Amino acid sequence: MKEMTYKDAVNLAMREEMRRDEEVFLMGEDVGLYGGAFGVSVGMLEEFGEDRVRDTPISEAVIAGAGAGAAVTGMRPIVEIMFMDFTTIAMDSLVNQAAKMRYMFGGKAKVPMTLRCPGGSGTGAAAQHSQSLEAWFCHVPGLKVVVPGTAADAKGLLKAAIRDDNPVVFVEQKTLYKEKGMVPVDEDFIIPLGKGEIKKEGTDVTVVSYGRMLPRVLKVAEELEKEGISVEVVDPRTLVPLDKEIIINSVIKTGRVVLVNEACKTGGYIGEIASVIAESEAFDYLDAPILRLAGLDVPIPYNPELEKAAVPSEEQIRAGILKVMNR
């Protein structure tokens with residue numbers, strides 16, 4: 001184990017997979033000479049050269065299309081979209097091509113493409129560079145969607161995504177890049193896609209969260225523990241495929257559940273998680289209504305204080321947990 005930032009964990013995962021498999025390469029805007037918009041690929045051009053760390057034109061449609069084409073012909077591209085917001089320009093290649101090829105060719109085609117996209121707010125980048133759009137991709141059959149909330153998960157899940165024979169949308173929340181954690185440096189460290197984790201054991205209430213909100217939830221959970229409220233924190237890590245069992249079992253155990261995500265409330269992925277709970281045997285164990293805490297249905301503001309107000313705060317998470325506890 002070694003302490004490193006989330007950003008360095010992503011970098012390490014890419015390096016290990018590129019050393020292991022010559023078919024793996026990285027492409028995207030400024031990923032080479034500049035080292036990536038957020039410095040995630042610093043040093044990779046020097047190690048692997050221009051053939052395997054490729055700077056691209058400023059065209060997300062071309063980047064995603066070239067990635068899908070490379071994947072279906074036997075390569076394993078890691079495609080970086082500089083901001084998740086710009087996946088809107090790459091939608092045709094992702095939704096109509098990469099996600100559908102394996103099905104349309106009767107399972108004979110493989111599309112082992114990993115699309116990395118920094119998402120979310122918290123950096124003062126305003127409305128067109130701060131969105132959390134993971135729910136869009138969860139709605140597309142054929143795509144897998146991963147949102148790691150810790151440095152260790154970022155490494156283990158990215159390695160699994162690169163080795164997967166299906167297109168994977170890998171969401172990296174920008175404010176987490178500087179967060180540090182203990183990361184296994186073993187090259188065989190892989191976290192299977194579709195496997196959630198209980199980040200903190202508890203008995204009174206379940207909180208399901210992922211990505212940027214996870215550290216906030218954990219902090220609130222530790223504080224409430226001192227006040228006699230035992231909070232279980234469940235991190236699905238992979239949204240598609242979703243580890244439904246770990247969520248259902250936790251809710252059965254605690255009887256109460258709060259769901260937290262940074263994305264807008266309307267159409268946010270936690271609505272899908274709420275449906276999973278409501279349609280399962282866990283529903284009969286609920287002692288309080290399911291509570292969703294999510295971002296406001298507004299474009300992310302540029303003003304720093306308004307930006308903070310647009311997504312769930314620690315205070316709001318605490319209040320939500322106390323509400324379902326009837327406190």
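How much space lies in the largest cavity? About 100 Å³ lies there, and the tour of this predicted model will come back to that space after a look at the salt bridges and at one helix. Residues are numbered from 1 along each chain as its sequence is written, and side-chain values use heavy atoms, with hydrogens and water left out. Because the model is predicted, local features need pLDDT of at least 70 and side-chain atom pairs count only at pLDDT 80 or more, whereas totals for chains, interfaces and linings use all residues.

**Stop 1: an annotated span**

Select residues 4-179, which UniProt lists, in an unreviewed entry, as "domain: Transketolase-like pyrimidine-binding"; UniProt positions are given in the numbering used here, feature names are shortened, and annotations may be inferred rather than shown by experiment. The end C-alpha atoms of this span lie 8 Å apart, and the span is 37% helix and 17% strand. Helices (H or I, at least four residues) and strands (E, at least two) are DSSP runs, numbered from the N terminus.

**Stop 2: a buried pair between two helices**

Show the side chains of K159 and E16 next, which meet in a salt bridge with N and O 2.9 Å apart. A salt bridge here is a side-chain nitrogen of Lys or Arg within 4 Å of a carboxyl oxygen of Asp or Glu, and the structure holds 24 of them. K159 lies in helix α6 (residues 151-163) and E16 in helix α1 (residues 6-20), so the pair ties together parts that are 143 residues apart in sequence. Both residues are buried, where buried means under 20% relative accessible area, exposed over 50%, and partly exposed in between (1.4 Å probe, protein chains only). Now add E17, R20, K155 and R163 to the selection, since these residues are linked with E16 and K159 in a network of salt bridges.

**Stop 3: along α6**

Stay with α6, of whose 13 residues twelve are buried, among them K155, L157, L158 and I162. The expected span of a helix is 1.5 Å times one less than its number of residues; for the 13 residues of α6 this gives 18 Å, and the end C-alpha atoms are 19 Å apart, which agrees. R163 is also found in this helix, but at 31% relative accessibility R163 counts as partly exposed. From R163, draw a C-alpha to C-alpha distance to Y177: the two residues are 14 apart in sequence and 23 Å apart in space.

**Stop 4: two further salt bridges**

Select E201 and K253, which form a salt bridge whose closest N and O atoms are 3.3 Å apart. E201 lies in the loop between β9 (197-200) and β10 (205-209) and K253 in helix α8 (residues 244-254), so this pair ties together parts that are 52 residues apart in sequence. E201 is exposed, with a relative accessible area of 55%, while K253, at 42%, counts as partly exposed.

Move on to E305 and K308, whose side chains meet in a salt bridge at 3.7 Å, N to O. Both residues are exposed, and, being three residues apart in helix α10 (residues 304-309), they are separated by about one helical turn. An α-helix has 3.6 residues a turn, so residues three or four places apart point the same way.

**Stop 5: the cavity**

On a 1 Å grid over the protein atoms alone, a cavity is a set of points where a 1.4 Å probe fits but cannot get out, and a pocket is an open set with protein on both sides within 12 Å along at least five of seven lines; lining residues have an atom within 4 Å of a point. Grid points are joined across faces, edges and corners, and a volume is the space filled by probe spheres set on the points.

The structure holds one cavity of 30 Å³ or more. To find this cavity, select S132, E134, V147, Q173 and E262, which lie nearest its centre among the 15 lining residues. β7 (168-173) and β13 are the elements that give two or more residues to this lining, which divides into six nonpolar, six polar and three charged residues. Ala, Val, Leu, Ile, Met, Phe, Trp, Tyr, Cys and Pro count as nonpolar, Asp, Glu, Lys and Arg as charged, and the others, Gly among them, as polar.

**Stop 6: the pocket**

Finish at the largest pocket, which holds about 290 Å³ of space. Of its 20 lining residues, Q131, S132, L133, A263 and C264 are the closest to its centre. α5 (134-138) and β13 (257-264) each supply at least two residues of the lining, and β13 gives the largest share, three residues. The lining of this pocket divides into eleven nonpolar, eight polar and one charged residue.
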